[in-house]
Number of protein chains: 2
Amino acid sequence: MRVLSKATVYGLRALVYMASERERTGYVSIGEISERLNISFHFLTKTFQTLTQHGILESYRGPNGGVALTKPADQLFLTDIVHVLEGVDFFDKCLLGLPGCGTFAPCPVHDFWKAAKEAMKNEFDNTSLAELGEKVTDERFRLVA
Amino acid sequence: MRVLSKATVYGLRALVYMASERERTGYVSIGEISERLNISFHFLTKTFQTLTQHGILESYRGPNGGVALTKPADQLFLTDIVHVLEGVDFFDKCLLGLPGCGTFAPCPVHDFWKAAKEAMKNEFDNTSLAELGEKVTDERFRLVA
DNA sequence: TAGTTTTGGGACAAAATTGTCTTAAATATA
DNA sequence: TATATTTAAGACAATTTTGTCCCAAAACTA
């Protein structure tokens with residue numbers, strides 16, 4: 001079950017890492033993140049460029065440069081990131097891949113899947129990077145194998 | 001959100017179609033299914049070969065040949081098909097892609113995702129091809145765009 | 001037996017995803 | 001100014017997924 005692409009998975013892990021560095025101020029370099037989380041630097045850079053272009057991150061070049069969240073981590077939710085990296089129709093896909101599957105022309109698993117998606121969307125809508133970052137800071141949860 | 005591969009999606013649609021042809025006896029040809037559901041014949045054939053090799057389908061060559069469910073459709077559940085086409089670890093994947101993510105070493109979204117997966121697994125465990133086939137036969141639900 | 005129909009299986013191609021590399025641009029510091 | 005650091009951007013390669021094609025094997029029919 002691969003719900004999120006690698007790009008999204010890496011992006012999310014990296015953002016939660018940033019949120020977990022609570023007392024830190026200023027920019028965090030992509031190099032640091034990729035090292036700490038064991039993610040390909042170049043691949044992460046591309047994902048971060050997308051996030052920067054869509055207003056999730058701001059970046060700054062040069063020494064002591066890096067990336068920073070554009071908003072406090074408690075105002076950035078999983079849905080925001082997923083919408084940028086997976087598309088705004090992320091929570092609107094038929095389990096059987098039928099285009100236009102909906103109440104008026106449902107596939108046989110539509111009712112169940114609609115409820116499952118709603119539960120997931122609800123969780124994504126209400127889970128902030130801050131919340132996940134705290135879990136990591138407070139040590140019971142991990143971001144790396 | 002792409003939970004199932006195309007191979008699985010096509011396989012499931014095709015199996016539900018077979019289950020929906022209630023009064024039919026004997027083998028159904030892959031050609032018929034691929035035409036009716038608008039699925040690539042060769043691609044579906046490969047997926048069906050996998051299902052045959054794993055005991056979900058039996059096949060028979062020659063005129064009036066085709067494939068047939070090895071069990072009554074009310075004894076074949078979504079989990080059975082998904083286990084064959086996606087792997088037995090389908091319901092055991094970390095949302096953030098961390099290997100070995102579990103109670104003892106969870107990622108920050110582990111608790112939520114565990115519950116979401118369990119709900120999905122429960123539904124897959126208890127939804128038979130017969131049930132879905134009936135929905136299609138009884139006309140309110142569709143298998144094709 | 002010859003010809004047709006159908007699945008089996010493999011080779012192969014196309015497309016999407018993932019990953020790597022190089023160079024440029026911006027910024028800081030010495 | 002020269003050098004080092006860091007993101008930006010795009011080319012490119014590797015891998016996986018998806019899709020196509022061909023021919024063999026099995027089975028039926030005439």
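A residue counts as near a strand of DNA if one of its heavy atoms lies within 4 Å of it. I keep that cut-off in mind for these entries, and I note that the model is predicted.

**Entry 1: around DNA strand D**

I looked up which element gives most to the surface near DNA strand D, and I found H3(A), with 4 residues. In total, 26 residues surround DNA strand D. I wrote down the closest of them: Ile30(A), Ser59(A), Arg2(B), Tyr60(B) and Arg61(B). Both chains take part through their elements: helix H3 (41-53) and strand E1 (57-60) of chain A, and helix H1 (6-20) and helix H3 (41-53) of chain B, each supply at least two residues. I sorted this surface by class and got 9 nonpolar, 11 polar and 6 charged residues.

Which part of DNA strand D faces the protein, I wondered, sugar or phosphate, or bases? Of its atoms within 4 Å of the protein, 61% belong to sugar or phosphate, and the rest to bases.

Next I picked out some polar contacts. Arg61(A) has a polar side-chain atom 3.3 Å from a sugar or linking oxygen of DNA strand D. Gly62(A) uses a backbone N or O atom, also 3.3 Å from a sugar or linking oxygen of this strand. With Lys6(B), a backbone N or O atom lies 3.1 Å from a phosphate oxygen.

**Entry 2: around DNA strand C**

I then turned to DNA strand C, which has 26 residues around it. Arg2(A), Tyr60(A), Arg61(A), Ile30(B) and Ser59(B) come nearest. Here H3(B) gives the most to the surface, with 5 residues. Of the strand's atoms within 4 Å of the protein, I read that 62% belong to sugar or phosphate. I also noted a polar backbone atom of Ile30(B) at 2.7 Å from a phosphate oxygen of DNA strand C.

**Entry 3: how the two chains relate**

I laid chain B on chain A: a turn of 180° with a shift of 0.0 Å along the axis gives an RMSD of 0.0 Å. That is the relation of a two-fold axis. The same surface serves both copies, as 100% of the contact residues of chain B recur in chain A. Within chain B, I found that Val3(B) comes closest to the rotation axis, its C-alpha at 2.6 Å.

**Entry 4: the core**

Last, I checked the largest nonpolar core, which has 96 residues. Phe48(A) and Phe48(B) have the most contacts inside it. What does Phe48(A) touch, leaving aside its neighbours within four places in sequence? My list includes Gly11(A), Ala14(A), Leu15(A), Met18(A), Ile30(A) and Val67(A).

How values were computed
Residues numbered from 1 in each chain as written. Chains lettered and ligands numbered in written order. Predicted model: local features only at pLDDT ≥ 70, side-chain atom pairs only at ≥ 80, totals over all residues. Heavy atoms only, no water. Polar contact = N/O pair within 3.5 Å; in protein donor to acceptor, adjacent residues only side chain to side chain. Nonpolar A, V, L, I, M, F, W, Y, C, P; charged D, E, K, R; others polar. Core = buried A, V, L, I, M, F, W, Y, C linked by side-chain atoms within 4.5 Å. Buried < 20%, exposed > 50% of the residue type's maximum accessible area, 1.4 Å probe, protein only. Contact = heavy atoms within 4.5 Å. Least-squares fit on C-alpha atoms with pLDDT ≥ 70 in both.
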